[in-house]
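Good morning, and thank you for joining this session. I would ask everyone to look at the structure on the screen while I speak.

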Amino acid sequence: MRIGVLTGGGDCPGLNAVIRAVVRKAINDMGDTVVGFFDAWDGVLEKRSMELNVAALAGTLPRGGTILGTRRGSPYDSPDGPARVQKNLHEMGIDALIVIGGNGSLWVASKLHADIGIPVVGVPKTIDNDIEGTDVCFGFNTAVQIATDAIDRLHTTAESHDRVMVVEVMGRDTGWIATHAGIAGGATAILIPERPFDIADIADAVRRKHNRGRYASIVVVAEGAMPKPGTMEAPVYENDPFGRPRLGGISSEVARAIEKQTGYETRVVQIGHIQRGGTPNAFDRVLSTRLGIAAVTALHDGASHCMVALRNDDMVRVPLENVVGKIRHVDVSLYDNVATVFFG
Ligand code: F6P
């Protein structure tokens with residue numbers, strides 16, 4: 001089999017570990033050839049690729065980012081895109097694609113399968129952890145650890161100065177990183193998209209903590225968190241070149257409001273892309289490796305339209321139609337029954 005592989009969407013710790021596992025399994029065990037496309041779908045549209053072999057992947061297991069590069073665009077952005085993909089894959093002798101990506105890339109993979117009939121296997125990637133059908137996406141665990149380490153450091157400076165620290169983490173539609181890092185980091189309050197917040201409640205939580213003599217608080221905010229209508233002005237975001245709101249900055253508004261309502265000095269930290277950069281942790285290296293191997297095995301078993309996934313510690317295949325167009329939200333019982341116990 002001649003397998004094409006690409007990485008799409010935002011980068012994420014563990015991408016290279018998946019590619020490495022695909023290459024090892026496909027070449028050494030299955031006798032396949034593997035072609036890596038550069039810059040996601042751009043590489044397929046422009047026939048920019050390289051033949052991958054075991055030597056080319058040496059040393060990449062702990063490396064962050066993706067050796068193939070990544071982009072957010074889609075072949076469906078131009079009218080002749082899908083036909084060009086079909087022609088190029090045919091000319092290059094590609095039998096099947098492994099698409100390592102998030103909700104956007106998996107949507108494209110699924111649509112291309114329907115439109116041009118190419119077998120595709122998806123691998124769920126995003127630090128946001130919001131892909132339906134898998135218990136966890138690779139990269140999430142590392143991002144939570146990075147955010148937790150940052151919160152640990154912020155505690156000591158907040159305590160030294162008797163300050164409130166508002167820490168903004170990624171999480172466009174869901175509050176997975178915020179909830180996990182907030183619990184792990186001992187947050188006084190956690191704001192997530194799934195639970196619109198009333199800033200007065202957050203100020204109360206901070207005040208309660210201060211009234212107990214603890215003059216420092218950490219408030220963790222997911223970038224996609226929103227105030228309840230009428231409680232605070234909702235932030236307005238510009239769109240990025242792909243028509244998605246360019247999030248970031250809600251923490252500043254939250255900090256201003258907390259300072260105004262409590263009188264406590266409040267500072268802001270946006271962790272931003274640090275959460276996505278750098279080496280994957282051991283959990284994500286193992287998960288990425290398992291997913292890469294499972295993707296190749298799925299293709300050889302004739303699976304042509306699925307995503308490989310982790311469920312109850314087993315590798316499973318989920319039909320792509322059960323994945324695309326959906327968002328996997330935070331387990332609200334974790335938020336409501338665990339995280340909130342420590343608010344204030
Ligand atoms: O990959 C998802 C994500 O990390 C979101 O949480 C965040 O909003 C977005 O990527 C940022 O994307 P970009 O790298 O394009 O700024």
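About 1,300 Å² is buried between domain 1 and domain 2, with 49% of that area on carbon and sulfur atoms. Three residues, Arg72, Ile127 and Asp128, account for 42% of what domain 1 buries against domain 2, more than any other three residues. Please bear in mind that this is a predicted model.

Allow me to place these two parts along the chain. Domain 1 is made of residues 2–139 together with 280–322, whereas domain 2 covers 141–277. Their C-alpha centres are 33 Å apart. Where they meet, 15 residues of domain 1 contact 15 residues of domain 2.

What is the count of salt bridges between domain 1 and domain 2? The count is one. A salt bridge joins Asp11 and Arg276, whose closest N and O atoms are 2.9 Å apart. In addition, 10 residue pairs are in polar contact between the two domains, counting pairs with both residues at pLDDT 80 or more. On the side of domain 1 that touches domain 2, the residues divide into five nonpolar, five polar and five charged.

I turn now to the ligand. Which residues surround the ligand? They are Arg72, Ile127, Asp128, Met170, Gly171, Arg172, Glu223, Arg244, His273 and Arg276. Arg72, Ile127 and Asp128 thus appear around the ligand, and these residues are also the three named for the area that domain 1 buries against domain 2. Likewise, Arg276 is found around the ligand and is the salt-bridge partner of Asp11.

Consider next the individual distances to oxygen atoms of the ligand. For Glu223, a polar side-chain atom lies 2.6 Å from a ligand oxygen. In Asp128, a side-chain N or O atom is 2.8 Å from an oxygen of the ligand. For His273, the corresponding distance from a side-chain N or O atom to a ligand oxygen is 3.0 Å. Taken on its own, the ligand has 400 Å² of accessible area, and the protein covers 80% of it.

Notes: Residues are numbered from 1 along each chain as its sequence is written. This is a predicted model: local features need pLDDT of at least 70, side-chain atom pairs count only at pLDDT 80 or more; totals for chains, interfaces and linings use all residues. Side-chain values use heavy atoms; hydrogens and water are left out. Domain bounds come from an automatic or database domain assignment. Contact means heavy atoms within 4.5 Å. Buried area is the accessible area (1.4 Å probe) that two parts lose on being put together, summed over both. A salt bridge is a side-chain nitrogen of Lys or Arg within 4 Å of a carboxyl oxygen of Asp or Glu. A polar contact is a pair of N or O atoms within 3.5 Å; within protein, one must be able to donate a hydrogen and the other to accept it, and residues adjacent in sequence count only if both atoms are side-chain atoms. Ala, Val, Leu, Ile, Met, Phe, Trp, Tyr, Cys and Pro count as nonpolar, Asp, Glu, Lys and Arg as charged, and the others, Gly among them, as polar. A residue is near a molecule or strand if one of its heavy atoms lies within 4 Å of it. Accessible areas come from the Shrake-Rupley method with a 1.4 Å probe; for residues, only the protein chains shown count as cover.
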